[in-house]
Amino acid sequence: MRKGLRVLGVAIRAEKAVFTAAVLASSVYGAMTVASAWALGWATENVVLPAFRQGEVGTGALVAGVLLIVGTALLKALGVAGRRFFAGVMQYRMQARSRRDVTRQYLRLPLAWHHRHPTGQLLSNASADAEAAWAPLAPLPMAVGVVVMLVTAAVALVLTDLPLALVGFLVFPAIALLNLVYQRRLSPLATRAQQLRAEVSEIAHESFDGALVVKTLGREDAETARFRARAERLRDANIAVGRVRGLFDPMLEALPTLGVLAVLLVGAARLEGGAITAGTLVQVAYLFTLLAFPIRALGWVLAELPRAVVGYERVQEVLSATGSMEYGTAALAGDAPARLEVRGLGYAYGDAPVLSGVDFEVEPGRTTALVGPTGSGKSTLVQTFVRLVDPAEGAVLVDGTDLREAARGAVSDVVALVPQQTFLFDDTVRGNITLGLPVDDQEVWAALRLAQAEGFVSALPAGLDTKVGERGTTLSGGQRQRLALARALVRRPRLLVLDDATSSVDPQVEAKILYGLRDAAATPAASTVVVVAYRMATIALADEVVYLEHGRVVDRGPHDELLARCAGYRNLVTAYEREEAEREALGADEETAGPPGGEAAGRSGGDLGAGEISTDEEISA
């Protein structure tokens, strides 16, 4: 309860004016509801009973009764409209504020933090949790406002007839006890249900995001079963919450009704004894029927508090997360290609070291290839170049400035990364390349030309205005990679980092792209280029090669020199060519060996097996 009230206090402090307006409107509603009881009692005494006794009613009394009832009804309607409007404004503003805060925090937190949190959970934090945190704000102004009704009704009851009021007030201890039991039973159930909502979101996102794997490997039934199991647990948790609420609401409704019956029973005896009038009894009974509504309104707020506390705490876990990057004030201004230095760089994922003592530099305007076997830390290394992660040891410097000392946004103005896994938005070709950057179409076409994408973009139905679909589903993998490269080039980066960014492009087109980047070194839009590469043809175009193994720089230098002196490098970059040569040799052997099962075929099979084992061992090395 205390946590829930603190959550409500946060919203009230944030939206003081709106909350005040909502409470005032609700107070008008509450006061007019009580006034309607008085108007009803007055009409009973001055209009209804005289009509029975005398057979007629005076015009003045009839008009006064109608005006009282209609006037209180109109004011009550205005109170309802104002209460709902301002309560909605308050609720939706707080939800929007939480979503903005969570999203800003996601953008501030480093990539390493995101690696530790599933995407489905992050989506739940920004949507379901933000919504649940402020759900009580819808009934809150009404609950606060009807407290006025409750107090006014209680005072009116006491002033009207104290004995009947005391009889009716016996309901309140019972309601307080009922609320206490209800909160204790509902809170853990609501917590569990909110956690399961996040888990269902995680599974759904994972299944939809991995639709290609699910479809191609025939995992539809397995994924359906996995989702069904978690969804059924959420269903059961929600049913448990609903069962508690279903038990609580009728009891809450019943207690004021029992109070009314007690009042009528005692009131009838007092009426018969002449202690009160019929109008007084009608007024008191009606006031007690009104007490049920403010009690229900308070119950609505109390019912939402457990879920609100869970949602608020889950949102606060994100907002209080540490690890956001600190920025300095240094600028990385300039037009010439940048100089990149890596000094003693080390990085680890948890307790698993990935990079250790990495040292090298890339001179301005030159192209350097990062080469190494899978798991050698190449992708992690290039992430430090664009400050997606900060090194645990050492530093990355651009033109002599440690990237950790650069001002916010300075790195992205100078360095551009094109990853292997390309992401395109459900937008036009132009929108995906510019991403809001104020550049004209001439610059866009120039970037497309350098990325060898001008031809296929020109052939699209609407050219630059063609929608590429979600994640670029209407394009091939190579086309998506070339658009991603154009997206980086249009920004004219001083340092261009390609993380195997042309892996889906055929070798001839890839060679044209890299030759174009080398030729561009003489233009004002020149860039220093660092490329993670596997193909020998790509590597051979680099001015220098940095070879990594197990997170360390083993050797560096021109491609030809490394081929001659570094066995690991030579085995790695020639593995593909040797495998192709062995396949061609196998084909030639099979053509000259004769029918299968002969002696020559047996020899060829034996030679092939030895060759395959040798190749695998060399690739592993």
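## Strands β3 and β9

In this predicted model, strand β3 (residues 367–371) runs parallel to β9, and four bridges pair the two. Pairing here needs at least two bridges found by DSSP. Ala-369 has Val-545 as its bridge partner in β9. Strands are DSSP runs of E with at least two residues, helices are runs of H or I with at least four residues, and both are numbered from the N terminus.

## The β9–β10 hairpin

On to β10 (residues 552–557): this strand is antiparallel to β9, with five bridges joining them. One of the bridge partners is Asp-555 in β10, matched with Tyr-547. The two strands make a hairpin with two residues between them, and His-550 in the turn has a positive phi of about 55 degrees.

## Both faces of β9

How covered is β9 (residues 544–549)? Mostly: six of its six residues are buried, meaning under 20% relative accessible area (over 50% is exposed, in between is partly exposed; 1.4 Å probe, protein chains only). Side chains in a regular strand alternate between the two faces of the sheet. In β9, Glu-544, Val-546 and Leu-548 point one way, while Val-545, Tyr-547 and Glu-549 point the other, and all are buried.

## His-114

Over in helix α4 (residues 111–115) sits His-114. His-114 is partly exposed, at 22% relative accessible area. Leaving out residues up to four places away in sequence, His-114 touches Tyr-106, Leu-109 and Leu-122, where contact means heavy atoms within 4.5 Å.

## About the numbers

Residues are numbered from 1 along each chain as its sequence is written, and side-chain values use heavy atoms, with hydrogens and water left out. Local features need pLDDT of at least 70 and side-chain atom pairs count only at pLDDT 80 or more, while totals for chains, interfaces and linings use all residues.
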